[in-house]
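Biologist: I should be grateful for a close look at a single part of this model, written for someone in the first year of study. Please explain each technical term when it is needed, and then set that part beside other parts of the chain.

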Amino acid sequence: MSNKKVSGELFKKMVTNGAIHLKNNHKEVDHLNVFPVPDGDTGTNMQMTMMAGIKEVTALNSNSIVDVSKILSRGLLMGACGNSGVILSQFFRGVYSEISKINNGSVTIKEFIQALVGGYQMAYRAVMDPVEGTILTVVRESAERVLQEQKNLTTIEDVLKVYLNQAKATLTKTPELLPVLKEAGVVDSGGAGFIKIIEGMLMALEGQILSEEAMSIPQQNVKHEEYIGANALGEIDIKFGYCTEFIVSLFNWENFDINSVRGPLEQMGDSLVVVTDEDLLKVHVHTNEPGVALTLAQKFGELKTVKIENMRSQHSNITGQDHSHDHDHDRVEAKPQTVEVKKPRAKYGLIAVAQGDGTKEALKELGVDYIVDGGQTMNPPTEDFIKAIEKVNAENIIILPNNSNIILTAEQAAKLSEGYNVSVLKTKTVAQGYASLIQFDPTVALEDNVETMQSVVDNLKSGEVTYAVRDTEMHGVKVSAGDYIGISKSKIIISTKDRIETIKGLLDKLVDKDAEIVTIFYGNGVSDEEIELVSEYIAELNEDCEVEAISGKQDIYSYILAVE
């Protein structure tokens, strides 16, 4: 079949097929991680991002390509995980931005090409310092190629074939553009994941629709207090029984005040997330009055999607408990409902990303108000940060991502959270975040705190010890699968068969005569005796250096270090 236009229905099939194709092959993309460490997650992040968007698109009744691309863009925006997921969400936001300029339910070949151009332009704008040799180069050169060939392209299939061929050609040369890829012997993983999406889209155009069995929405293993495993719930009282989510197309979005919705909803329930993006309002709330929430929303716009789930019924099905009479006020035994008094908005709120019970506890002891579960092996989506910002409810909020691959996601959430002053510190490890928190001063302005804390991060020496999952040679260091490797400043410093030897080699590079404090977060499997040996070795390097050893209980990374 040859398509001269892309309708909303066809576009929905294309992006869904692309998401499924990526999902089916995301492990292959994960294995392209530059570092041979067990947290290669680009493919996972990209497929989780895509499936979040497809979940929204699947629930959409409209067949207008404007509506489909818009809902896809919003779904990706909220579900974006990791830097690659954020860039992917921005690409499709750019696609929608161009499609939104038309007034028809479908786009022509010329308009589709312009949408691809808008996608790469928006993706570039999302990154403060764009790096060539990444997914950015792939989307740019592919769009530029179809723009050049536009006169020769007579079908949408032609467009995507040329686009895909250029994407593959660009991907093969990414190691020449980015030396770290060449040294690792891999191509850019983000670009590879993007190609899987385009391949799936082209398959849909050619009539090859992938099985829906592969399209289950991935679980994100969120571990906030409101997402406890069902089997561990036991006997609980579900105070607000209906998980209510809806999207509203606002009547007068340019003058809309988000607090006109947030305020009443705060009094009706909990787990509230309220987000606006141009003319759309997205709400998630747990309440006993979903109808009242929907009526409130309709004052400001037209309901586009609605999802209401009875959490008491879900809990009863899993645990065998009967919540059907939890709010039966005719029963003599019924207890009067307590009214939760909402705390006034605080001046400051601190949000940090962390894994490991010990790490989380250490951060809380330094004043962190909310922990977003995640880190090296799981990058939380944008919506997790928005939820955290709402939960903290502070005038000024500082987010510590504690991972380089989470910074863009946190920054995207900060931009989407109206009514809050949110700053994101560029902390790349939990040890950096921990050290910066010591300098936090709740009595000074947000800008002063951010400047002081970021200065601590910038002047720290930091490093990690983990293990290799494949053979490679990087930075002049030969690595064999199973070796322990010491990493600092995105470089492999040492690789050995012995963990003690590796941590000592890393410390040799980090601890000098000027070092004053070494903070160590040690993970599962590291004994007290081993920590004692490490502390003694630091004393040999610098007898005046203070050592703070914290049992972080994290997986994958045996040691996470910060040297001040």
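Modeller: The following answer begins with the whole protein, turns to one helix and its aromatic rings, and then describes two regions of paired strands.

This is a predicted model, in which local features need pLDDT of at least 70 and side-chain atom pairs count only at pLDDT 80 or more, while totals for chains, interfaces and linings use all residues. Residues are numbered from 1 along each chain as its sequence is written, and side-chain values use heavy atoms, with hydrogens and water left out.

The protein contains 19 helices and 18 strands. Both kinds of element are DSSP runs numbered from the N terminus, a helix being H or I over at least four residues and a strand E over at least two. Of its 564 residues, 58% are buried. Buried means under 20% relative accessible area, exposed means over 50%, and partly exposed lies in between, with a 1.4 Å probe and protein chains only. Among contacts with a separation of 6 or more in the protein, 72% are between residues 24 or more positions apart; a contact means heavy atoms within 4.5 Å.

The part chosen for the close look is helix α4, which covers residues 82–99. Its 18 residues should span 26 Å at 1.5 Å a residue, and its end C-alpha atoms are 26 Å apart, which agrees. The expected span is 1.5 Å times one less than the number of residues. The helix is mostly covered, since 15 of its 18 residues are buried.

Phe91 belongs to this helix and counts as buried because its relative accessibility is 3%. Leaving aside residues up to four places away in sequence, Phe91 touches Leu116, Gly119, Tyr120, Ala123, Val139, Tyr163 and Phe194. One of these, Val139, is 48 residues from Phe91 in sequence, and their C-alpha atoms are 8.3 Å apart.

Phe91 also takes part in aromatic pairing. Seven aromatic pairs are found in the whole structure. Rings of Phe, Tyr and Trp (its six-membered ring) pair if their centres lie within 6.5 Å; planes under 30 degrees apart count as stacked, over 60 as edge-to-face and the rest as tilted. Phe91 and Phe92 form an edge-to-face pair, because their ring centres are 5.1 Å apart and their planes stand at 85°. Both residues are buried. Ring pairs join Phe91, Phe92, Tyr163 and Phe194 into a cluster.

Another pair is formed by Tyr434 and Phe521, with ring centres 5.3 Å apart and planes at 85°, so it is edge-to-face. Tyr434 lies in helix α16 (residues 430–437) and Phe521 in strand β16 (residues 517–522), so this pair ties together parts that are 87 residues apart in sequence. Tyr434 counts as buried at 7% relative accessibility, and Phe521 is buried at 0%.

The strands may now be considered. Strands of a sheet pair through backbone hydrogen bonds, either parallel or antiparallel. Here two strands are taken to pair if DSSP finds at least two bridges between them.

Parallel pairing is seen in an open sheet of four strands, in the order β8-β7-β9-β10. At its edges are β8 (370–373) and β10 (421–424), each of which pairs on one side only. Neighbouring strands of the sheet are turned by 20° against each other on average, direction ignored. For such angles, axes are lines fitted to C-alpha atoms, for helices over the stretch in contact, and values run from 0 to 180 degrees between N-to-C directions. Helix α14 (residues 382–392) packs on this sheet and touches β7 (346–354), β8, β9 and β10, with its direction at about 165° to that of β8. Helix α15 (residues 407–416) also packs on the sheet, where it touches β9 and β10, and its direction makes about 170° with that of β10.

Antiparallel pairing is seen around strand β11 (residues 461–467), which is largely enclosed by the rest of the structure because five of its seven residues are buried. Five antiparallel bridges join β11 to strand β18 (residues 559–563), and Val465 has Tyr559 as its bridge partner in β18. Four antiparallel bridges join β11 to strand β14 (residues 484–488), where Thr466 stands opposite Ile485. β14 in turn pairs with strand β15 (residues 491–496) over five antiparallel bridges, and the partner of Ile485 in β15 is Ser495. β14 and β15 form a hairpin with two residues between them, and Lys489 in the turn has a positive phi of about 50°.
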